[in-house]
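I opened my notebook for a slow look around this one. The plan is to jot down what I look up as I go.

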Amino acid sequence: MIDWATVKFFKPSEFKEPDRVSPALVYNLDQARQMAKVPMVITSSYRPSTGPRDSAHKPDGKGIYHAVDIRCDQSKDRFRILTAAIGAGFVRIGLYTHHIHLDVARTGFDQNVAWWGGASK
């Protein structure tokens with residue numbers, strides 16, 4: 001359960017299906033935002049029926065999703081968000097031309113990985 005009163009930089013309304021978002025994702029994201037010192041806009045969160053079958057945006061066996069995409073168009077912001085995400089404990093990071101994928105999925109996914117996804121979205 002997420003104690004939204006302790007979350008400084010994000011509101012439940014920024015997440016699709018906030019009752020299904022992983023608490024670790026929210027707390028790590030909040031910590032990363034504080035460390036990065038740049039705004040973070042969530043462009044994608046819960047995706048039950050779109051995207052790859054093995055996406056952490058989709059609910060796990062308990063109905064919880066573990067990933068978000070953050071809008072990012074500037075190299076300096078990308079560097080700050082990437083550095084902060086690693087420091088905040090994100091274990092799966094995807095870099096794209098216009099966003100950064102951040103997730104905390106543990107089961108069934110490779111850990112401590114980063115990838116270049118190119119110009120999707």
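Before anything else, a term I keep needing: two residues are in contact when they have heavy atoms within 4.5 Å of each other. I also remind myself that this is a predicted model.

**Entry 1: Ala-105**

I started with Ala-105 and asked which residues it touches, leaving out those up to four places away in sequence. I found Ala-56, His-66, Val-91, Arg-92 and Gln-111. Next I looked up where Ala-105 sits, and it is in the loop between S4 and S5. Is Ala-105 buried or exposed? Its relative accessibility is 2%, and buried means under 20%, so Ala-105 counts as buried. I also checked Ala-105 against Lys-62, which is 43 residues away along the chain; their C-alpha atoms are separated by 13 Å.

**Entry 2: Arg-106**

Then I moved on to Arg-106, which also lies in the loop between S4 and S5. Arg-106 has a relative accessible area of 52%, and the cut-off for exposed is over 50%, so Arg-106 is exposed. Setting aside neighbours within four places in sequence, I noted contacts from Arg-106 to Gly-89, Val-91 and Gln-111. I looked up His-66 as well: Arg-106 and His-66 are 40 residues apart in sequence, yet 8.9 Å apart in space, C-alpha to C-alpha.

**Entry 3: a pocket**

Both of those loop residues turned up again when I looked at the second largest pocket. How many residues line this pocket? I wrote down 15, and those nearest its centre are Asp-60, His-66, Ala-105, Arg-106 and Thr-107. The volume of the pocket is about 200 Å³. I sorted the lining by type and got 6 nonpolar, 4 polar and 5 charged residues.

**Entry 4: the nonpolar core**

Now for the inside. I looked up the largest nonpolar core, and it has 28 residues. Which of them have the most contacts inside the core? My list reads Phe-15, Leu-29, Phe-90 and Leu-102. I then noted which elements supply at least two residues each: helix H1 (23-36), strand S2 (67-71), helix H2 (75-87), strand S3 (92-96) and strand S4 (99-103). H1 gives the most, with 5 residues.

I picked Leu-102 for a closer look. Not counting residues up to four places away in sequence, Leu-102 touches Leu-25, Leu-29, His-66, Ala-67, Val-68, Ile-70, Ala-85, Phe-90, Arg-92 and Ile-93. So His-66 is back on my page, because it is in contact with Leu-102 and with Ala-105 too.

**Entry 5: salt bridges**

How many salt bridges does the structure hold? I noted 3.

The pair I took up to begin with was Glu-17 and Arg-20, whose closest N and O atoms are 4.0 Å apart. Glu-17 is partly exposed, with a relative accessible area of 38%. Arg-20 is partly exposed too, at 32%.

Next on my page is the pair Arg-47 and Asp-69, with side chains meeting at 3.3 Å, N to O. Arg-47 lies in the loop between strand S1 (42-44) and S2, while Asp-69 is in strand S2, so this pair ties together parts that are 22 residues apart in sequence. Arg-47 has a relative accessible area of 19%, and with the limit for buried set at under 20%, it counts as buried. Asp-69 is buried as well, at 2%.

Then I wrote up Arg-92 and Asp-103, where the closest N and O atoms are 3.0 Å apart. Arg-92 is in strand S3 and Asp-103 in strand S4, 11 residues apart, and the pair links these distant parts of the chain. Both Arg-92 and Asp-103 are buried.

**Entry 6: positive phi**

Last, I looked up backbone angles. Lys-37 has a positive phi of about 60°, although it is not a glycine. Where is Lys-37 found? I located it in the loop between H1 and S1. Lys-37 counts as exposed, at 60% relative accessibility.

Asn-112 is another residue other than glycine with a positive phi, in this case near 55°. Its place is in the loop between S4 and strand S5 (113-118). I put Asn-112 down as exposed, with a relative accessible area of 66%.

Methods: Residues numbered from 1 in each chain as written. Predicted model: local features only at pLDDT ≥ 70, side-chain atom pairs only at ≥ 80, totals over all residues. Heavy atoms only, no water. Core = buried A, V, L, I, M, F, W, Y, C linked by side-chain atoms within 4.5 Å. Buried < 20%, exposed > 50% of the residue type's maximum accessible area, 1.4 Å probe, protein only. Helix = DSSP H or I, 4+ residues; strand = E, 2+ residues; numbered from the N terminus. 1 Å grid on protein atoms, 1.4 Å probe; cavity = no way out; pocket = protein on both sides within 12 Å on 5 of 7 lines; lining within 4 Å. Points joined across faces, edges and corners; volume = space filled by probe spheres on them. Nonpolar A, V, L, I, M, F, W, Y, C, P; charged D, E, K, R; others polar.
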